[in-house]
Amino acid sequence: MYNFDNEINRRGTNSLKWDALNERYGNPDLLPLWIADMDWETPSFIKEAITRQIADTPVLGYTITPPEYKSTIRKWILDHHQWDVKDEWLSFVPGIVKGIGMVINVFLKEDEKVIVQPPVYHPFFLTAQGNRREVVWNPLKPVYNNDGSLKTYEMDFDNLEKVCDEKCRLLILANPHNPCGIMWDRETLVRLAHFAKTHNLIVVSDEIHCDLAIFGHKHTPFATVSKEAAEVSITFSAPTKTFNIAGVISSWAIVINDDLRRRYYGWLEANELNEPTMFAPVATIAALSQGETWRREMLAYLEDNIRFIEDFCHENIPSIKPVRPQASYLVWLDCRALSLSHRDLEKLFTDKAGLALNSGRIFGKQGEGFMRLNAGCPRATLKVALEKLEKAVASLTDKK
Ligand SMILES: Cc1ncc(COP(=O)(O)O)c(C=O)c1O
């Protein structure tokens, strides 16, 4: 049994989450529940593999990628997602956001556009904008429970038809979705693939959260849902979210379509961007070949964390309604019932509660009234955070 209750001190480790609070939030003492890495110690079998690599390698010179790198990834995907990925479809990429930036540069002319479906992981549109490509917005449609609480979101195909013009060349999909934790169903993905094929779009399917399915949900790889999906897709995934090794920088692409693959992988190769550091394959192989027990125990603990948040909010902060994620450790908090402007909502979390969460606004304007909470931490940390939030919210009504 692994211990997920252990509170580790990450301050002073160059952790972006813990050591950049002053730069990002103007206060180094906030309790951070923002950026998507977890506060559980990276599993020892991964750290040991990296340490062993250093100890056993007298010269840290140029390396070749270990032969079992691709076969380990392929076995993982086959075992977990029943997808038989061919060796040549697979390539290392040095990070998914970087991979998306490369896709934009390889495939899109200067005047071609990128479709995103907000609220969505902000680097999807920031990367497009940073590369001077116009972003086309197709907001997700909220779906409500009978009691009026937000249940999930669905894709708006009618609007997609309206906003997509002949200059649109790429649609970036988060599958599962971040920040709302949605596992897209097969029917939606089939429909999206058909839309993409008939509108000459490439679909980047970012599946980095796919090994974090919870509450009985199951991931559907976009590229597997139809022939059209296989033809239009560039899939990205990684062990970095699941096994808490974001700092290692290790991810992969899967491209089935020969033409897309030749162009994309040719460009990666020409720029040596398909060549990992010596540590990325070692960490990936250790994670995928030894990590299943850790992953399962971590997900069980995470489900309890999410139930804890739900119960706590229900009992003590009913005006904040967590939307239950179907995958991953990011919880979309619907704070609209507080009736605050978004700026005041942000201030409530930072200035009154002393917490650093991701503001919903960064995921697009549809995120106003929401905050994203990272539940990948010991329960004791969550408890402290939620108690601070409860007090802050109570102080609002005290004043009224
Ligand atoms: C949907 C999604 N894609 C990509 C990333 C980051 O991936 P990478 O560090 O490989 O760029 C994240 C991290 O939060 C994410 O949530």
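A polar contact is a pair of N or O atoms within 3.5 Å; within protein, one must be able to donate a hydrogen and the other to accept it, and residues adjacent in sequence count only if both atoms are side-chain atoms. The model is predicted: local features need pLDDT of at least 70, side-chain atom pairs count only at pLDDT 80 or more, and totals for chains, interfaces and linings use all residues. Numbering runs from 1 along each chain as its sequence is written, and side-chain values use heavy atoms, without hydrogens and water.

**View 1. Polar contacts join domain 1 and domain 2.** The rule finds 13 residue pairs across this interface, both residues at pLDDT 80 or more. Salt bridges (a side-chain nitrogen of Lys or Arg within 4 Å of a carboxyl oxygen of Asp or Glu) number zero between the domains.

**View 2. The two domains in contact.** An automatic or database assignment sets the bounds: domain 1 is 16-32 + 292-398, and domain 2 is 50-290. Their C-alpha centres lie 26 Å apart. Contact (heavy atoms within 4.5 Å) takes 28 residues from domain 1 and 33 from domain 2.

**View 3. The F4–Y301 ring pair.** Rings of Phe, Tyr and Trp (its six-membered ring) pair if their centres lie within 6.5 Å; planes under 30 degrees apart are stacked, over 60 edge-to-face, the rest tilted. The structure holds 15 aromatic pairs. One of them, F4 with Y301, is tilted, at 5.7 Å centre to centre and 40 degrees between the planes.
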